[in-house]
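Okay everyone, thanks for coming. Let me put the structure up, and then I'll walk you through it piece by piece.

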Amino acid sequence: MVQNTIFFILLSQIISRKVKIKVHPNYKEQEKAVQKLVETFFKKGKILVKGSRNIIKTNLLGDDDVNIKFFKKPGFFKSIIYTYFKETKAKRSYDYACYLVEKNILTPSPIAYAEERKNFGLLGNSFYISEQIHYDFTFRELIHNPLFPNRVLILEQFAEFTFRLHEAKINFLDHSPGNTLIVKKDDDHYDFYLIDLNRMKFEELSLEQRMDNFKKLWLSKRMVEVIAMRYAFLSGESEPKLRSILMKKSLAFKRKTARKKYFKKFIGKK
């Protein structure tokens with residue numbers, strides 16, 4: 001009887017729900033409030049983005065607006081991978097944000113991440129909490145509006161921003177239109193904030209890799225010209241060479257994406 005009781009106590013501890021929260025040192029005094037944000041995520045806050053697996057909400061931490069990104073519990077096999085072989089998206093988002101801040105690359109200030117461990121310690125839901133940036137527009141607006149005010153200046157400064165990323169050995173794998181928030185500081189200066197950070201590599205980038213890093217931005221011919229010219233000035237590389245590589249990478253990505261959409265549509269009709 002005693003043995004059975006001990007067995008069930010141990011079993012209940014193994015399968016119990018545990019939440020680990022890591023809070024940034026700058027927010028240690030608000031640790032309990034951060035924990036409350038995680039606990040009440042599904043009851044409170046305003047939804048900013050609702051995807052099939054991820055949800056982003058905004059809420060208050062004290063007097064400050066913050067964003068809470070929810071990563072839905074992965075399937076069984078992915079739970080094993082994220083438990084034993086790979087860091088979670090929430091932890092990577094937090095760690096990478098801390099690294100960017102250390103390198104003076106703008107990103108919403110990291111506040112905390114939380115991981116829920118359920119059956120036998122496998123990963124359940126997880127969360128990443130960061131400062132909310134009140135931005136003016138994203139890179140996407142520059143694509144859709146060729147007459148966007150100060151468009152050339154913004155593109156030149158964006159090229160400088162990306163050059164600094166590359167010089168810091170940061171390969172942001174999701175360098176896409178919606179993942180750069182842009183804040184207008186004055187008529188001649190813009191700040192760029194990276195978001196959706198969980199896919200990065202930290203490595204010395206070749207010239208090909210540097211130009212490849214721009215490919216997901218859906219650059220027009222004119223945008224390619226502006227970015228290549230500015231990047232060439234900063235790097236000392238040949239502007240025609242950079243323009244040629246960048247155009248090639250951009251067109252290849254667009255064609256690949258178009259083919260994927262076509263096949264999905266074709267299969268859907270079947």
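Let's start with one helix, H8. Its residues Met223, Val224, Val226, Ile227, Ala228, Tyr231 and Ala232 are buried, where buried means under 20% relative accessible area, exposed means over 50%, and partly exposed is in between, using a 1.4 Å probe and protein chains only. When I say helix, I mean a DSSP run of H or I with at least four residues, and a strand is a run of E with at least two, both numbered from the N terminus.

Before I go on, a word on what you're looking at. This is a predicted model, in which local features need pLDDT of at least 70 and side-chain atom pairs count only at pLDDT 80 or more, while totals for chains, interfaces and linings use all residues. Residues are numbered from 1 along each chain as its sequence is written, and side-chain values use heavy atoms, with hydrogens and water left out.

Back to H8, which covers residues 221–235. Does its length make sense, or not? What span should its 15 residues have at 1.5 Å a residue? The answer is 21 Å, and the end C-alpha atoms are 21 Å apart, so the two agree. The expected span here is 1.5 Å times one less than the number of residues. Right after the helix comes Gly236, with a positive phi near 80°.

Now look at Leu234, which also lies in H8. Leu234 has a relative accessible area of 29%, so it's partly exposed. Leaving out residues up to four places away in sequence, Leu234 touches Ala159, Glu160 and Phe163; a contact means heavy atoms within 4.5 Å. Leu234 and Glu160 are 74 residues apart along the chain, yet their C-alpha atoms are separated by 7.5 Å.

That takes us to helix H6, residues 151–167, and the sheet beside it. The sheet is open and has three strands in the order S7-S9-S10, with antiparallel pairing. Strands S7 (137–138) and S10 (189–194) are the edges, each pairing on one side only. Helix H6 packs on this sheet, touching S7, S9 and S10, and its direction makes about 45° with that of S10. For that angle, axes are lines fitted to C-alpha atoms, for helices over the stretch in contact, and angles run from 0 to 180 degrees between N-to-C directions. Strand S9 (residues 180–186) runs antiparallel to S10, with six bridges joining them; two strands count as paired if DSSP finds at least two bridges between them. If you want a place to look, find Thr180, which stands opposite Leu194 in S10.

Next, another set of strands. S2 (residues 46–50) and S3 (residues 54–61) pair antiparallel over four bridges, and a hairpin of three residues joins S2 to S3. Here Lys50 has Ile55 in S3 as its bridge partner.

Then there's S6, residues 123–131. Is this strand enclosed or open? Eight of its nine residues are buried, so S6 is largely enclosed by the rest of the structure. S6 pairs antiparallel with S4 over six bridges, and Phe70 has Phe127 in S6 as its bridge partner. S5 (residues 110–117) also pairs antiparallel with S6 over six bridges, with Ala112 opposite Ile129.

Two residues here are worth a stop. Ser130, in S6, has 7% relative accessibility, so it counts as buried. Beyond four places in sequence, its contacts include Val66, Asn67 and Pro108. Asn67, in S4, also counts as buried, because its relative accessibility is 17%. Among the residues Asn67 contacts are Leu48, Ile56, Tyr128 and Ser130.Asn67 comes up again at the largest pocket. Which residues lie nearest the centre of the largest pocket? Ile56, Asn67, Leu181, Ile195 and Asp196 do, out of 23 lining residues. S2, S4 (64–71) and S6 each supply at least two residues of that lining. A pocket, on a 1 Å grid over the protein atoms alone, is an open set of points where a 1.4 Å probe fits, with protein on both sides within 12 Å along at least five of seven lines, and lining residues have an atom within 4 Å of a point. The space in this pocket is about 510 Å³, counted as the volume filled by probe spheres set on grid points that are joined across faces, edges and corners.

Last, the whole protein. There are nine helices and 11 strands, and 41% of the 270 residues are buried. Of the contacts between residues at least 6 apart in sequence, 63% join residues at least 24 apart.
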